Amino acid sequence: MHQNTERNVIPAPKRQRLVAAMMASSFLLLSGCSIFSNKEEVKAPKVASAETLYNYGIDALHSKRYTLASGEFELLQQNYPYSGYVGNAELMEGYAYYLQGEYALSVQQLERYLLLHPTSPDAAYAYYLRALCYYEQIAEVQRDQQGTVEALNALEEVVTRFPQTAYARDAQLKIDLCRDHLAGKEMLVGRYYQQQHNYEAALGRYQRVVADFQTTNHVAEALERIVEVDLQLGMVDEARKATSVLGYNYPNSQWYRYSYNLLRNRNLLPENSKAPGSGKRGFFGRAWHSVF
């Protein structure tokens, strides 16, 4: 065993030459890796200028590529946060989200824009576009109307802040539609309660329509329903009063005819009651008719 061990021992001079050769090989290998790595290094692509990115976004909007447009505006903001194009890019990104139907993202972006640029000349448009995002999400009258309330509040803010603008005029029209929608919801619930013979609850819903939504086209029906419920509850005087209001404001409506016949068939008509269609529309009725 001792002899085999001696044969395997490398003489010192030869061992020194071997170590030197290995060190030289390692150096060449490392230098080669460094050389190759330098040759293969990939440079990051150069980002287009702020103006170019903004124009790309506008072009994408015009060609209805809304997702691409929002991406270009976002890229501009990320790479050029101090550019003069940033404000417009923030606003246009919100607009691009709106066109995509991404209303939550649009509201978030527009609120960020308004926080950063509260005195911008385009603030009126930002508030209006934000209100439109809520308005577009209004649910059918059979569903919860919290979205309608949010749209109403946002639209009223546009009118309050910018009363002399075209945005305010359009917002006012949409406010009327929102109020009509909310009144329709009250009528739907009121009819349900009435069908279930829960007359007190139904009366509360109808009275709210008359008190809070006077400019909507649900008021005439609400008054007629109040007459029905009052009679069910034995409140004859209240039924007569509601019929009088209905006849004064809507003398030619089917709802006044229904109420008139209800009282006449029960011999409850006041002596001075006018027959349906025999009078002119009252002030409130004329005002409503002029709008719709």
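**Reading a chain of helices**

Student: Where should I start: what is the phi of H197, the residue after helix 9?

Tutor: The phi of H197 is positive, near 65 degrees. A helix here is a DSSP run of H or I with at least four residues, a strand is a run of E with at least two, and both are numbered from the N terminus. Before we go on, this is a predicted model: local features need pLDDT of at least 70, side-chain atom pairs count only at pLDDT 80 or more, and totals for chains, interfaces and linings use all residues. Residues are numbered from 1 along each chain as its sequence is written, and side-chain values use heavy atoms, leaving out hydrogens and water.

Student: And how many residues does helix 9 have?

Tutor: Helix 9 covers residues 166-195, which is 30 residues. From first C-alpha to last, helix 9 reaches 44 Å, close to the 44 Å expected at 1.5 Å a residue (the expected span is 1.5 Å times one less than the number of residues).

Student: How many helices and strands are in the chain?

Tutor: Count 14 helices and zero strands. Of the 292 residues, 37% are buried (under 20% relative accessible area, with a 1.4 Å probe and protein chains only). Contacts (heavy atoms within 4.5 Å) are worth a look too: among those with a separation of 6 or more, 54% join residues 24 or more positions apart.

Student: What describes two packed helices?

Tutor: The angle between their axes and the distance between the axes. Axes are lines fitted to C-alpha atoms over the stretch in contact, with angles from 0 to 180 degrees between N-to-C directions. Take helix 10 (residues 199-212) and helix 11 (residues 219-232): they pack at about 150 degrees, with axes 9 Å apart. That makes helix 10 roughly antiparallel to helix 11 (over 145 degrees; under 35 is roughly parallel). The crossing of helix 10 with helix 11 is left-handed, meaning the near helix is turned anticlockwise from the far one by less than a right angle.

Student: Which residues of helix 10 meet helix 11?

Tutor: Y199, A202, L203, Y206, Q207, V209 and V210 do. By class, the contact of helix 10 with helix 11 has 11 nonpolar, two polar and two charged residues. Ala, Val, Leu, Ile, Met, Phe, Trp, Tyr, Cys and Pro count as nonpolar, Asp, Glu, Lys and Arg as charged, and the others, Gly among them, as polar.

Student: At what angle do helix 11 and helix 13 pack?

Tutor: About 15 degrees, with axes 8 Å apart; helix 13 spans residues 254-265. Helix 11 and helix 13 are therefore roughly parallel.

Conventions: Angles under 35 degrees count as roughly parallel, over 145 as roughly antiparallel, 65 to 115 as roughly perpendicular and the rest as oblique. Buried means under 20% relative accessible area, exposed over 50%, partly exposed in between (1.4 Å probe, protein chains only).
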